[in-house]
Amino acid sequence: MSTSANRGHGAAGATVVTSQKVVPGREEDYKRWQEQVNRAVRAFDGFEGTELYPPDSAEDNEWVVVFRFSDVDRLSAWLESATRRELLDDSRNLFEEEPSQEVLRGGQPAQEAVTAVISHTVRPGREQDFERWQEKVLRAQQKYRGFMGSELFAPVEGIQDRWVAVFRFDTREHLDQWLKSDVRRKLLDEGRDYFADYDVRQIGSAFSGWFRFGEGEQAGVPPNWKQAMSVLLALYPTVMVLNLTVGRAFTHAGVAGYLGLFISNVLSVSILTWLLMPLVVNRALAFWLAPDRPHSRRTDLVGTAVVAVCYAALLAVFRLTG
């Protein structure tokens, strides 16, 4: 597995972003293996969390995993450990090619947005030119709808010489608009004087499985604030109804609280995933949620107002049960 280690500007924490193309048909084997990795990494000092981002389509089949540690030394201890080496040996037949990863020191966790991680091999002696070029790229990105921020990670001397740029957009549609834009293409042509090659990986939203409009490469997800409002709209009545029905039944039956809560959570997640989100919320609010439909400020205001009115109505209804 090739590693690119990078240093942020004066920030604590360390993140490793791993990208791996799973052999078609081995997805379930990979998930089981990844669970083994997750269990193993939790035992290491400084571990703070992990996120798994499945591919957007079967054709892509590139899975991205993000591990976060308190600092780069503790992250390095995990990356260089015998435990991890043994797990990698067990995974050789799961991947189409050697997985690759970038280690970022500092920065923000790659979550709650659609994130692109782009690593560059900068030509010797052109580092300052490359940084100035990245500033020009940032100024161009800021003009695009949905841009949420960007970070540039320089190499760690003596470990790796690749630079990594991480930038975030609120939806995949807006990210793709930037990635496929003529402006970016012209900037890449200019930047080839400063870097020899680059590699792009994308990380999806944490809620993207609940919000899907369209199929294939044209599929997209709405902005995170709309996702959060919509999930709350479906989650609140689901939890309340379960508490009033299943919860009370568990109490009368003497079911332990921790077990009853677990079962209720399983039911609520299942109801949201397969019933309320795809069949009710997404359909009713498609005019406001679907990223491939034209949106105006008026549409956003109307959709937000509709959700707020629904909140008020639900609170009024369940107030009567209290």
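This is a short tour of two nonpolar cores, some aromatic pairs, a buried valine and a surface patch in a predicted model.

**Stop 1: the largest core**

Start by selecting Phe 130, Trp 133, Phe 167, Leu 175 and Trp 178. These are the residues with the most contacts inside the largest nonpolar core, which has 22 residues. To see where the core comes from, colour the elements that give it two or more residues: strands E6 (114–122), E7 (147–155) and E8 (162–169), together with helices H4 (127–141), H5 (172–179) and H6 (182–191).

Now centre the view on Trp 178. Setting aside its neighbours within four places in sequence, Trp 178 is in contact with Val 137, Ala 140, Gln 141 and Tyr 144, with Phe 167 and Phe 169, and with Val 183, Arg 184 and Leu 187.

Another core, of 21 residues, lies apart from the one you have just looked at; select Tyr 30, Val 41, Trp 63 and Leu 79, which are among its members.

**Stop 2: aromatic pairs**

The model holds 17 aromatic pairs. For one of them, pick Phe 44 and Trp 78, whose rings sit edge-to-face, 5.1 Å centre to centre with 75° between the planes. Phe 44 is in the loop between helix H1 (27–41) and strand E3 (47–53), while Trp 78 belongs to helix H2 (residues 72–79), so this pair links parts of the chain that are distant, 34 residues apart. Is Trp 78 buried or exposed? Its relative accessible area is 2%, so Trp 78 is buried.

Next, show Trp 133 and Phe 195, a tilted pair at 5.3 Å centre to centre and 50° between the planes. Because Trp 133 lies in helix H4 and Phe 195 in strand E9 (residues 195–203), the pair ties together parts that are 62 residues apart in sequence. Both Trp 133 and Phe 195 are buried. Add Phe 130, Trp 163 and Tyr 198 to the selection, and you have a cluster linked by ring pairs.

**Stop 3: a valine in helix H2**

Go back to helix H2 and select Val 72. This residue counts as buried because its relative accessibility is 14%, and the cut-off for buried is under 20%. Not counting residues up to four places away in sequence, Val 72 touches Ala 14, Val 103 and Arg 105. Try a C-alpha to C-alpha distance from Val 72 to Val 16: they are 9.5 Å apart in space and 56 residues apart in sequence.

**Stop 4: out to the surface**

Finish with Tyr 258, Leu 259, Phe 262 and Val 266, which form a nonpolar surface patch with about 440 Å² of accessible area together. Tyr 258 lies in helix H8 (residues 257–284) and is exposed, with a relative accessible area of 66%.

Technical notes:
Residues numbered from 1 in each chain as written. Predicted model: local features only at pLDDT ≥ 70, side-chain atom pairs only at ≥ 80, totals over all residues. Heavy atoms only, no water. Core = buried A, V, L, I, M, F, W, Y, C linked by side-chain atoms within 4.5 Å. Buried < 20%, exposed > 50% of the residue type's maximum accessible area, 1.4 Å probe, protein only. Helix = DSSP H or I, 4+ residues; strand = E, 2+ residues; numbered from the N terminus. Contact = heavy atoms within 4.5 Å. Patch = residues over 30% accessible without salt bridge, like charges linked within 9 Å, V, L, I, M, F, W, Y side chains within 5 Å. Areas by Shrake-Rupley, 256 points an atom, 1.4 Å probe, with all protein chains shown as cover. Salt bridge = Lys/Arg side-chain N within 4 Å of Asp/Glu carboxyl O. Phe/Tyr/Trp six-rings, centres within 6.5 Å; stacked < 30°, edge-to-face > 60°.
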